[in-house]
Amino acid sequence: MTKRRIVVVGGGAAGFFAAITCAENAPGAEVLLLERTPNFLAKVKISGGGRCNVTHACFNAREFTTRYPRGERALISPFQQFQASDTVAWFAARGVELKTEADGRMFPTTDDSSTIIDCLVSAALQAGVKLHAHCGVEAITRPVAGGFELTLSTGKTLTADRVLLATGGCRTAALGQLAVALGHTLEPPVPSLFTFQIAVPWLRALAGVSVEEVELAAPTAKLRERGPLLVTHWGLSGPAVLRLSAWGARDLHACDYQFPLLVNWLPAWNEETLAAELQRRRLAHPAKLVTNAPIAPLSARLWEQLVAAAGLAPDLRWTALGRAGQHQLLRKLLRTEFPVTGKSLNKDEFVTCGGVRLNELNFKTMASKVCHGLYFAGEVLDVDGITGGFNFQAAWTTGWLAGRAMATGS
Ligand SMILES: Cc1cc2nc3c(=O)[nH]c(=O)nc-3n(C[C@H](O)[C@H](O)[C@H](O)COP(=O)(O)OP(=O)(O)OC[C@H]3O[C@@H](n4cnc5c(N)ncnc54)[C@H](O)[C@@H]3O)c2cc1C
């Protein structure tokens, strides 16, 4: 009897998880993993600044799904079967311990993404997965006799009983062509997780300054986000910006990344409490310079620029801060408006939104509803999460489900 052949296309996080799970659950099958580049798991290598943010310490499947601007509803059932705690256990069972940082992100205790790569490669080899690098899949057809025929970049062809597409983000429509040729539809690719370009000189003068928590609002896209902010040489970055960009990926694309951004530098205060604080300072330190008295947690450098941007003179003392000046300062602190004129360069975009349309899949098995024997996992789908380990978790979960289903033939 000939062995069933299962081919996983794409040697990234999703492809590895699927191939390992499949081979471990179907010892009688031949499982091949094909990667077109020389290196497996290249994105894992560079992820999380070289540390690999494997998942997020949120162990409630439903709550976890709320971190996905696209895919939230579809992922409920998958996460009920394999969630962040299962990822932690999976790696622990193979000798890799994860640790949790204060913001919930989970990394290997070694702080080195090579630990994850070594673990995945050795688990794949141990399970009997045949790994082929330099082996791109250029076309997939369905012979009348059944199954699949794959045309490889090596010039060879290969037949398969089941095929998993784990080819990563469809940054360009061409990257989704294997799925389209097999009858699937692509939601158009649009960047997600990017930073904002703002050409305001006083902001750029603050490059390198970070603020623990701000509130951002993009009224035209009806978006609001809180979190840490980082001033860069080209504008604004940091978790609050990346999250806003993920939730607004389609709307911000539609306005060509030109929109007003409001920054509340002191979200713990409101107009009333802040006005009372400014008044208190006026009475307590009348002779002190306004520019020398930052309100925590704003740094001295940022405060000085905000005071200047509010139109207050550098030698203004609290006693001379009139009603109009106080109003201008309040406005600047709670509602600085910046014109965003673009997004960061492509190389900084971590994730693509768009990909294979979700209603064409069965999310219990990750099987295609339009092409029998075809499965999908990872970023090739129209699923993307905010930063913090959510994108890898989607890859582990969908890979695990697809691997198990391909093994059992469901
Ligand atoms: C700089 C950076 C940092 C990131 N950091 C994090 C992080 O810390 N935490 C997090 O959760 N997410 C992070 N992400 C996102 C995360 O890396 C991706 O969501 C995840 O890698 C998706 O896994 P995947 O297996 O679906 O796709 P990929 O990792 O993109 O793998 C797809 C593979 O398929 C191969 N391939 C494509 N087409 C073919 C073909 N026709 N034939 C054969 N092979 C093919 C590609 O070469 C690639 O190796 C980061 C992304 C980037 C770019």
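The chain has 14 helices and 22 strands, counted as DSSP runs numbered from the N terminus, with at least four residues (H or I) for a helix and at least two (E) for a strand. Keep in mind that this is a predicted model: local features need pLDDT of at least 70, side-chain atom pairs count only at pLDDT 80 or more, and totals for chains, interfaces and linings use all residues. Residues are numbered from 1 along each chain as its sequence is written.

Along its principal axes, the C-alpha trace spans about 90 × 40 × 35 Å. Of the 410 residues in the chain, 43% are buried, that is, have 20 or more other C-beta atoms within 10 Å of their own, against 12 or fewer for exposed residues and anything in between for partly exposed ones, with C-beta atoms placed from the backbone.

**Two domains**

The chain splits into domain 1 (5-191 + 350-408) and domain 2 (194-349), with bounds from an automatic or database domain assignment. Taken over C-alpha atoms, the domain centres are 39 Å apart. Where they touch, 8 residues of domain 1 are in contact with 11 residues of domain 2; contact here means C-beta atoms, placed from the backbone, within 7 Å. The domain 1 side of that interface has 6 nonpolar residues, 1 polar and 1 charged. In this scheme Ala, Val, Leu, Ile, Met, Phe, Trp, Tyr, Cys and Pro are nonpolar, Asp, Glu, Lys and Arg are charged, and the others, Gly among them, are polar.

As for contacts in the chain between residues at least 6 apart in sequence, 73% of them join residues at least 24 apart.

**Strand pairs**

Here are three antiparallel pairs, where pairing takes at least two DSSP bridges between the strands.

| Pair | Bridges | One bridge partner pair |
|---|---|---|
| E13 (residues 210-218) and E14 (residues 223-231) | 7 bridges | Ala-217 and Arg-224 |
| E14 and E15 (residues 235-237) | 2 bridges | Leu-230 and Ser-237 |
| E4 and E5 (residues 105-108) | 3 bridges | Thr-100 and Met-106 |

E13 and E14 make a hairpin with 4 residues between them, and Lys-222 in that turn has a positive phi of about 55°. Another hairpin takes E14 on to E15 through 3 residues.

E4 and E5 also belong to an open, antiparallel sheet of 3 strands in the order E3-E5-E4. Strands E3 (55-56) and E4 (98-100) are at its edges with a single partner strand each, so one side of each has no neighbour in the sheet.

**Around the ligand**

What surrounds the ligand? The shell holds 32 residues, and the closest are Gly-10, Gly-12, Gly-48, Gly-168 and Gly-378; a residue counts as near if its C-beta atom, placed from the backbone, lies within 6 Å. Helices H1 (13-25), H2 (42-50) and H14 (390-408) are the elements giving two or more residues to this shell. H2 gives the most, with 5 residues. By class, the shell has 14 nonpolar, 14 polar and 4 charged residues.

**The nonpolar core**

The largest nonpolar core has 111 residues, and Ala-19 and Leu-164 touch the most other members. Such a core is a set of buried Ala, Val, Leu, Ile, Met, Phe, Trp, Tyr and Cys residues joined through C-beta atoms within 7 Å. H14 gives the most to this core, with 11 residues, and each of domain 1 and domain 2 supplies at least three. Leaving aside neighbours within four places in sequence, Ala-19 is in contact with Val-8, Val-31, Leu-33, Ala-124, Val-129 and Gly-403.

Technical notes. Two residues are in contact if their C-beta atoms, placed from the backbone, lie within 7 Å.
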